[in-house]
Amino acid sequence: MFLTISTTGVSGYPATDLGFLLHKHPDRHQSFPTSHGVAHVFYPEATDETCTAALLLEIDPIALVRRGRGKGRGGSPDFALAQYVNDRPYAASSLLAVALSTVFATAMKGRCDQRPELAETPLPLRIVVPALPAQAGQDDGPELVRRLFEPLGWQVTAEPIALDERFPDWGDSRYVRLELTGRLRLADALTQLYVLLPVLDGSKHYWVAPDEVDKLLRAGDGWLAGHPELALIIRRYLVRRWSLARAAMEQLELARLAEADDREIEEISPNSDADPDADPDADPDGPEASDTPDTVEAEGADAKPVTLAVQRRVAILDALRAAGAVRVADLGCGEGSLVAALLKEARFTEVLGVDVSTRALTVAARRLHLDRMSERQAQRVRLIQGALTYVDDRIAGYDGAVLSEVIEHVDPPRLPALEHAVFGAARPGTVVVTTPNAEYNVRWESLPAGQVRHADHRFEWDRSEFRSWAGRTAERYGYTVAFTPVGPDDPEVGPPTQLATFHRSDAPAGATP
């Protein structure tokens, strides 16, 4: 089992600095014992211009069988027919992925004390895997390889390997020779290989336990959530253990909710050490938060910055009060920040929180202390699980409804379904919608040009696009619509958040109950 990583010198750094990044000296051959054999690291080429590091994994088939016996689901399917004669010693698989994480553990974390700036620099890389299984089911194997690696910035060459070159009529095997070229951080390249090698193989040499979810999310941090083949990667990495796949998707959903509400995921995770009684609007990032477009300075030299999440909630509450709404549905309530704000005001007699994530609803229930509420207060609030792209009688009949930072997470082809479910079927008297203003992204210094604010955003509209969508929706379903800026209204690019208030044409606007 073999893999090579090559680079060339960049920006005054010789190519042999690859040794610093990998923490393996180019002039030395090093061997590392693994649970199923021995991993060797050596450098076939090491000059200032070009450097290649090779990882050779020698597998002991006897040890593999002995250690794998009784492991159940996740073991190689080949072993059922041939425990001792199979492709495990030769084809890249979870065995090679584990060797990568063992031998190059520090490099995968992006740490390099001798060349810290180089560890953060995208390098010209070439990675070759001579024999890679590409089990694709109904898909073409090389095409599946391209679908997995190309969205990550790689140029992919996946050449099918013939069953036997002497007998071309036999056709191709299920293996490909993989060559990746691109400019990436070395740590990103290694973590992507760690995840995608077993995904392509479709099996693992060890039992897939619940801690595999955490391994996947750690290795996929920064690239997995936005990958177009996210569901396939999770399913195959976890060897089709559906309960674990659901757990992984729910954790990614929590990350989306945290990003949407300008919070750290630890603050809303039910397994975190965060104080459930802590202020949900506390600034997790310290005083530097005032330098981001998610905060504005309050008056006074020592005033605490006000987060954009708080400004959104204030604007939403103002809109609901002005509409005279008393029964309100928070559609896409997340961990319940807006629900909590609504419950603080006696005028809102009934509050419904709806979210697709049952885990987020569990967090909301904990944050709201539903188990310790008085009977009278508990009668005012209800949390339910539901998808907003389907008609649901439970959300019908409310005076007001809120879609706060929700629509941008819906695939554009599914937006008409959401519009029909909310505006056509549920028909609240007032609907408040907030969404990011894409024009304002240029004011966000930490956001690369052309990127959206979160990997899960299917789109981000500028002011013209949002007003066009809101106008069409209002006209189609019998509403009027007005717009309000949220956050600092920049004279050139507008506010960071756009807010639209829809009033049903046959509903009394501004009525006070």
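R177 is partly exposed, with a relative accessible area of 26%. That value falls between the 20% limit for buried and the 50% limit for exposed. The side chain of R177 meets that of E179 in a salt bridge, 3.3 Å from N to O. The model is a predicted one. In the whole structure, a search finds 21 salt bridges. An open sheet of 7 strands is also described below.

**The sheet**

- The 7 strands follow the order 2-3-4-1-5-7-6, and their pairing is antiparallel.
- Strand 2 (30-34) and strand 6 (155-162) are the edge strands, and each pairs on one side only.
- From one strand to the next, the twist averages 15°.
- Strand 1 (residues 2-8) and strand 4 (residues 50-59) run antiparallel and are joined by 7 bridges.
- Within this pairing, I5 stands opposite A53 in strand 4.
- In general, strands of a sheet pair through backbone hydrogen bonds, in a parallel or antiparallel way.

**Helices on the sheet**

- Helix 6 (residues 141-149) lies across strand 6 and strand 7 (172-184).
- The direction of helix 6 is at about 160° to strand 6.
- Helix 7 (residues 186-201) packs on the sheet and touches strand 1, strand 5 (123-133) and strand 7.
- The direction of helix 7 makes about 15° with that of strand 5.

**Salt bridges around R185**

- E120 and R185 form a salt bridge, with their closest N and O atoms 3.3 Å apart.
- E120 sits in the loop between helix 5 (116-119) and strand 5, while R185 sits in the loop between strand 7 and helix 7, so the pair ties together parts 65 residues apart in sequence.
- A network of salt bridges links E120, R185 and D188.

**The D411 and R458 pair**

- D411 forms a salt bridge with R458, and the closest N and O atoms are 2.9 Å apart.
- D411 lies in the loop between strand 13 (400-404) and helix 16 (415-426), and R458 lies in the loop between strand 14 (430-436) and helix 17 (463-477), so this salt bridge ties together parts that are 47 residues apart in sequence.
- D411 is partly exposed, at a relative accessible area of 37%.
- R458 is partly exposed too, at 39% relative accessible area.

Note on methods:
Residues are numbered from 1 along each chain as its sequence is written. This is a predicted model: local features need pLDDT of at least 70, side-chain atom pairs count only at pLDDT 80 or more; totals for chains, interfaces and linings use all residues. Side-chain values use heavy atoms; hydrogens and water are left out. Two strands pair if DSSP finds at least two bridges between them. Helices (H or I, at least four residues) and strands (E, at least two) are DSSP runs, numbered from the N terminus. Axes are lines fitted to C-alpha atoms, for helices over the stretch in contact, and angles run from 0 to 180 degrees between N-to-C directions. Contact means heavy atoms within 4.5 Å. A salt bridge is a side-chain nitrogen of Lys or Arg within 4 Å of a carboxyl oxygen of Asp or Glu. Buried means under 20% relative accessible area, exposed over 50%, partly exposed in between (1.4 Å probe, protein chains only).
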